[in-house]
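Visitor: I am new to this structure and would like a close look at a single part of it. Please take me through the largest pocket, and then through a pair of packed helices.

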Amino acid sequence: MKSPDIIFETLEVGPLSVNCYIIGSRSDNTAAVIDAGGNVKEIVKILKKQNLTLKYIINTHAHFDHVGGVSELHALTGAPFLLHQGDVPLLDFLDEQSNYFGLPPIPKPKVDRYLIDNEELPLGDEIIRIIHTPGHSPGCVCFLFNNAIFAGDTLFSGSVGRTDLYGGSHDTLINSVKTRLFTLEDHVLVYPGHGPVTTIGKEKKHNPYF
């Protein structure tokens, strides 16, 4: 993140090492948490340390490893949980999802509002733009903020998200990346749901799926 007015923190959370991102604004001390998959006490500790009030709990999608801490974070902060409507059915199968990986069940979070493609969420003097990128799941979205895209499990460094789970489609995912993400500038940073940061330009040039 290039702006001095932006607070940016990353931590790995939950049993599958999800990248959870905290973005905040120094102009009004509000923040958004992206993919609160667990380790909620650590998330809250960072918010308090940075003197941030949580404005949004937002998720790229609703697989269990990405929503594992949402209910607890909502209870502790009162911040609304926002999710694309296409992934709401996944919340009814959280137990089955976690059981598939041999992990204990997680609380089902309540969605306070649906995210809509191309809408803009204000955060201080910046905006978070919602980009619907179905394929990994029906309601997958990415979040464009400043010079970065938070891509969830749609695009990784050198790879793409799996599509063999409920509602997944490889062709749809590839189309989403080509038409919604690869139209961004090459310098845009890609912060994925797992693994290291990359750039749009690097993935257009070197990702073997394209």
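The largest pocket and a helix pair

Guide: In this predicted model, the largest pocket has a volume of about 340 Å³. Its lining is made up of 17 residues, and those closest to the centre of the pocket are His63, Phe64, Gln97, Phe101 and Leu165. Two helices, H2 (64–67) and H4 (94–100), each supply at least two residues of this lining, and H4 gives the most to it, with three residues. Sorted by class, the lining of the largest pocket holds nine nonpolar, four polar and four charged residues.

Turning to the helix pair, one may recall that two packed helices are described by the angle between their axes and the distance between the axes. Helix H1, which covers residues 40–49, packs with helix H3, residues 70–77, at an angle of about 40 degrees, and the two axes lie 10 Å apart. Angles that are neither under 35 degrees, nor over 145, nor from 65 to 115 count as oblique, and H1 and H3 are therefore oblique to each other. The crossing of these two helices, H1 and H3, is right-handed. On the H1 side the residues in contact are Val40, Lys41, Ile43 and Val44, and they meet Glu72, Leu73 and Leu76 in H3. By class, this contact of H1 with H3 has five nonpolar and two charged residues, with no polar ones.

Technical notes
Residues are numbered from 1 along each chain as its sequence is written. This is a predicted model: local features need pLDDT of at least 70, side-chain atom pairs count only at pLDDT 80 or more; totals for chains, interfaces and linings use all residues. Side-chain values use heavy atoms; hydrogens and water are left out. Axes are lines fitted to C-alpha atoms, for helices over the stretch in contact, and angles run from 0 to 180 degrees between N-to-C directions. Helices (H or I, at least four residues) and strands (E, at least two) are DSSP runs, numbered from the N terminus. A crossing is left-handed if the near helix is turned anticlockwise from the far one by less than a right angle, and right-handed if clockwise. Contact means heavy atoms within 4.5 Å. Ala, Val, Leu, Ile, Met, Phe, Trp, Tyr, Cys and Pro count as nonpolar, Asp, Glu, Lys and Arg as charged, and the others, Gly among them, as polar. On a 1 Å grid over the protein atoms alone, a cavity is a set of points where a 1.4 Å probe fits but cannot get out, and a pocket is an open set with protein on both sides within 12 Å along at least five of seven lines; lining residues have an atom within 4 Å of a point. Grid points are joined across faces, edges and corners, and a volume is the space filled by probe spheres set on the points.
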